[in-house]
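Please look over the model shown here with two topics in mind, the packing of helices and the pairing of aromatic rings.

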Amino acid sequence: MVSVFVDTSGASEITARQDKLTVQGVDASHKLAEHDLVRMNKYKKLITRVGQKHGLDPAIIAGIISRESRAGAVLDHGWGDHGNGFGLMQVDKRYHKIVGTWDSEEHISQGSEILKEFIRRIQAKFPAWPKEHQLKGAVLLIQLFTL
C-alpha cells in the first residue's frame, strides 16, 4: 500500500484565498482540509474501499479530492477546470475517457488508477527514490501532463 509522509510547501496564496484565508502554506492546507471535512465524510466509505482496492492510503485519495474539487464544492454538475476536469478527482476529459458519475466509486477508482499508473512510471524511471519522492513525482507529472 502506498502510504507515506510527504513533506510539502502547502497551499499557495491563491489557493488559500478560496476560503478567504490570510495564511498560506501548510497552515492554509490544514484549514482548507478542515473546511472540506464535512463534505468529505460523505465519501469516506467509497474512498476507503477504493484505497484498499488499489493499495493507496485513503488519505492520499482524500487529499487529492480536497485539492482538486474541494470535495465537490467547486464543481458545476461534476465539472471543473473550465469544463475539462470531471468529478471529485478532476479526471481530464482531454486525456481520459470519463467513467462513472462525478461522485461515484467508479470515478474515484478511475482517478486512483491514473495516480497508480503515474506512480509506476516514476518508480520505473527513478527506482532509488524514496517512496515519498516517487509519490510527489507522480503528482507533479500528472499536473504537468494535464496542463
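The briefing below takes up one helix contact and then the aromatic pairs.

This is a predicted model, in which local features need pLDDT of at least 70 and side-chain atom pairs count only at pLDDT 80 or more, while totals for chains, interfaces and linings use all residues. Residues are numbered from 1 along each chain as its sequence is written, and side-chain values use heavy atoms, with hydrogens and water left out.

**Helix contact**

- The axes of helix α3 (residues 44-54) and helix α5 (residues 105-125) come within 10 Å and cross at roughly 40°, and the two helices are therefore oblique to each other (neither under 35 degrees, nor over 145, nor 65 to 115).
- Leu46, Ile47, Arg49, Val50, Lys53 and His54 of α3 meet Glu105, Ile108, Ser109, Ser112, Glu113 and Lys116 of α5, where contact means heavy atoms within 4.5 Å.
- The residues of this contact divide into four nonpolar, three polar and five charged.

**Aromatic pairs**

- The structure holds two aromatic pairs, with ring centres within 6.5 Å, planes under 30 degrees apart counted as stacked, over 60 as edge-to-face and the rest as tilted.
- The rings of tryptophan 79 and phenylalanine 86 have centres 4.7 Å apart and planes at 55°, so this pair is tilted.
- Phenylalanine 126 and tryptophan 129 form a stacked pair, at 4.0 Å centre to centre and 10° between the planes.

**Accessibility of the ring residues**

- Phenylalanine 86 is buried at 8% relative accessibility, whereas tryptophan 79 is partly exposed at 30% (buried is under 20%, exposed over 50%, partly exposed in between, with a 1.4 Å probe and protein chains only).
- Phenylalanine 126 is partly exposed at 28%, and tryptophan 129 is partly exposed at 35%.

Definitions and conventions: Axes are lines fitted to C-alpha atoms, for helices over the stretch in contact, and angles run from 0 to 180 degrees between N-to-C directions. Helices (H or I, at least four residues) and strands (E, at least two) are DSSP runs, numbered from the N terminus. Ala, Val, Leu, Ile, Met, Phe, Trp, Tyr, Cys and Pro count as nonpolar, Asp, Glu, Lys and Arg as charged, and the others, Gly among them, as polar. Rings of Phe, Tyr and Trp (its six-membered ring) pair if their centres lie within 6.5 Å; planes under 30 degrees apart count as stacked, over 60 as edge-to-face and the rest as tilted.
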